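Grab a pencil and open the structure viewer. Each exercise below comes with a solution to work through step by step.

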Amino acid sequence: MLLDMAAMECNLQTMARFFSQGSVGLRPHFKNHKCPTLAFRQLAAGAIGMTCATVAEAECLARHGVQSLLIANEIADPIKIDRFIDLAGQTEVMVCVDNEKIVDAIAAAARKKRIQPGLLVDVDVGLHRCGVQPGEAAVRLAKAVLEKGLQFRGLMGYEGQVLRKPPGPEKVEAASAAMRLLIECRDLIEGAGIPVEIVSAGGTGSYNISGRYPGVTEIQAGSYLVMDTDYRQCCTDFQLALSLLTTVISKTEGERVVVDAGLKTLSAERGMPSVKGIDDVTLKRLNAEHGVIQLENPSVALQVGDKIELWVHYSDATINLHKRIYSIRNGEVEEVLRIEG
Ligand SMILES: Cc1ncc(COP(=O)(O)O)c(C=O)c1O
C-alpha cells in the first residue's frame, strides 16, 4: 500500500484546524489505519487520545506509550476482560459497557487486581448495534457501574447510521437527532447526581455536525486521515491518500489486463476499487489474487509488467490485510510504516 503524504497531511491539518476552533476533542479511531506512526502524527496534531475497537489495538498503542485510550466497543470474553484490567493497571484506558452482567465481570476482575478502571455507558443512538436504550436504562447502568466500585466516566453514542448520508439538511437533522438522545441521557444521569465527564460520539461523516453539538466532548473519527473512494462519495473535505500498487501480469489485447492484487489484498466490501490516474479502464472483478481490469477503450496502452495503482475503496477492511504502508513524498518512498494491533 502507498500513502500519499501530502494528501494525508492535508487531511490531518483540515481535521486539526476544525478541532482547534472549538472545545470538543478529537480522539481518532485507531482501527482504521492500525499504524502507531500515524497515531503519533494525530496526537502531535492535537488529538486528545486514541479510540480503539479491540483490546489488542489498545495494548498495541499502550506498548508504544500512548496514554489516553478508549475502547469504543463492548468486551465480554473473560480473557479479554482480564487483559483490559491488566492494561488499565498500566495506562489510562476506558471501555464501553451496555450490560450489567459485564459490569459485574469487569468489577470482579478489577477487584482482584485492586484497579478501578473507567467505563463509558454505550447508548444506542439509532445504529441498532450495541448500546443500551436511551433513557432510564442508561441511568440504571451508570448507577450499576458506580455501585460496583468502578469509575463511571461518561457516555458514548455512535451514530453510524448517519455517517455515509450525503451532506445536507437531512444529514444535519439525523446526526443532531442522535446527539439529542445522547445529551438527554447525560441530563438524566446528571439529574440523578452522577457527573458525566465524557460524551464521545461521531465519525468522519459527522465530525462537523456532532463535533459542534452542545454537550458532546469528543469525536471518534478515523477514516478521515487516509480516506477512501467509498467514504469520499459523501465526504469531500478530505483527500484520497491511500492506494495499492499492483503489476499487470496478463493482457488480452484490446479487452482486459489482469493485475496481481485480489481479495487477499483489497476489500470490495462496499464496492469495487477504481484505477488511479488512468482513463477508460474499469476494475471489474477481484478473485483471491487477481484483479481483472476491463479496457473500455481498446487502445489503452497498458503492457504486462506495468505498474498500476488502485484506489483503496474501503480502507478499514483493506489496511488490516497488510503489514506495512509505504509513505510517498514527491514520488519517492519516505518511510515504511508498520501496521500493528
Ligand atoms: C464506534 C465507532 N466510532 C467511530 C468510528 C469511526 O468512524 P469513521 O470511519 O467514520 O471515521 C467507527 C467506525 O466504524 C466506529 O465503529
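**Exercise 1.** Decide whether Pro-273 is buried or exposed in this predicted model, and work out what it is in contact with.

*Solution.*
- Start with the accessibility: the relative accessible area of Pro-273 is 3%. The cut-off for buried is under 20%, so Pro-273 is buried.
- Next, place it in the fold. Pro-273 sits in the loop between strand S11 (256-259) and strand S12 (281-286).
- Now look for partners, skipping neighbours within four places in sequence. That leaves Leu-266, Ser-267, Leu-283, Leu-286, Trp-311 and His-313 in contact with Pro-273.
- Take one of these partners, His-313: it is 40 residues from Pro-273 in sequence, yet their C-alpha atoms are 4.8 Å apart.

**Exercise 2.** Check whether the length of helix H7 agrees or disagrees with what its residue count predicts, then find what its buried residues pack against.

*Solution.*
- Helix H7 covers residues 169-191, which makes 23 residues.
- The expected span is 1.5 Å times one less than the number of residues, so H7 should span 33 Å.
- Compare that with the model: the end C-alpha atoms of H7 are 32 Å apart, which agrees.
- Now pick out the buried positions in H7: Lys-171, Ala-175, Ser-176, Ala-178, Met-179, Leu-182, Ile-183, Cys-185 and Ile-189.
- Those buried residues pack against two helices, H6 (136-147) and H8 (207-210), and two strands, S7 (151-157) and S8 (198-201).
- Step just past the end of H7 and you reach Gly-193, with a positive phi of about 90°.

**Exercise 3.** Find which residues come nearest to the ligand, and how much of the ligand's area the protein buries.

*Solution.*
- There are 15 residues around the ligand, and the nearest are Thr-204, Gln-220, Gly-222, Ser-223 and Tyr-231.
- Go through some polar distances. From Thr-204, a polar side-chain atom lies 2.6 Å from a ligand oxygen.
- Gly-222 uses its backbone instead: an N or O atom there is 2.6 Å from an oxygen of the ligand.
- For Tyr-158, the distance from a side-chain N or O atom to a ligand oxygen is 3.2 Å.
- Finish with the area. The ligand alone exposes 390 Å², and 92% of that is buried by the protein.

**Exercise 4.** Classify the aromatic pair of Phe-18 and Tyr-207, and say which parts of the chain the pair ties together.

*Solution.*
- Counting ring centres within 6.5 Å, the model has four aromatic pairs.
- In the pair of Phe-18 and Tyr-207, the ring centres are 4.9 Å apart and the planes make an angle of 80°. Angles over 60 degrees count as edge-to-face, and that is the label for this pair.
- Phe-18 belongs to helix H1 (residues 5-20) and Tyr-207 to helix H8, so the pair ties together parts that are 189 residues apart in sequence.
- Both rings belong to buried residues: Phe-18 has 13% relative accessibility, and Tyr-207 has 5%.
- Widen the view and you get one aromatic cluster made of Phe-18, Phe-19, Tyr-207, Tyr-224 and Phe-238.
- Tyr-224 also turns up elsewhere in H1: Leu-12, in that helix, is in contact with Arg-41, Gln-42, Ala-45, Tyr-224 and Leu-225, leaving aside neighbours within four places in sequence.
- Leu-12 is buried too, at 4% relative accessibility.

**Exercise 5.** Compare Met-227 and Asn-330: what is the sign of phi in each, and is each one buried or exposed?

*Solution.*
- Recall the background: most residues other than glycine have a negative phi.
- Met-227 is not a glycine, yet its phi is positive, about 55°. Asn-330 also has a positive phi, near 50°.
- Both are loop residues. Met-227 lies between strand S9 (218-219) and strand S10 (242-252), while Asn-330 lies between strand S15 (324-329) and strand S16 (332-338).
- Accessibility sets them apart: Met-227 is buried at 0%, whereas Asn-330 is exposed at 76%.

**Exercise 6.** Work out where Ser-206 lies and which residues it is in contact with.

*Solution.*
- Ser-206 is in the loop between S8 and H8.
- Its relative accessible area is 0%, so Ser-206 is buried.
- Setting aside neighbours within four places in sequence, Ser-206 is in contact with Glu-159, Leu-163 and Gly-211.

How values were computed
Residues are numbered from 1 along each chain as its sequence is written. This is a predicted model: local features need pLDDT of at least 70, side-chain atom pairs count only at pLDDT 80 or more; totals for chains, interfaces and linings use all residues. Side-chain values use heavy atoms; hydrogens and water are left out. Helices (H or I, at least four residues) and strands (E, at least two) are DSSP runs, numbered from the N terminus. Buried means under 20% relative accessible area, exposed over 50%, partly exposed in between (1.4 Å probe, protein chains only). Contact means heavy atoms within 4.5 Å. A residue is near a molecule or strand if one of its heavy atoms lies within 4 Å of it. A polar contact is a pair of N or O atoms within 3.5 Å; within protein, one must be able to donate a hydrogen and the other to accept it, and residues adjacent in sequence count only if both atoms are side-chain atoms. Accessible areas come from the Shrake-Rupley method with a 1.4 Å probe; for residues, only the protein chains shown count as cover. Rings of Phe, Tyr and Trp (its six-membered ring) pair if their centres lie within 6.5 Å; planes under 30 degrees apart count as stacked, over 60 as edge-to-face and the rest as tilted.
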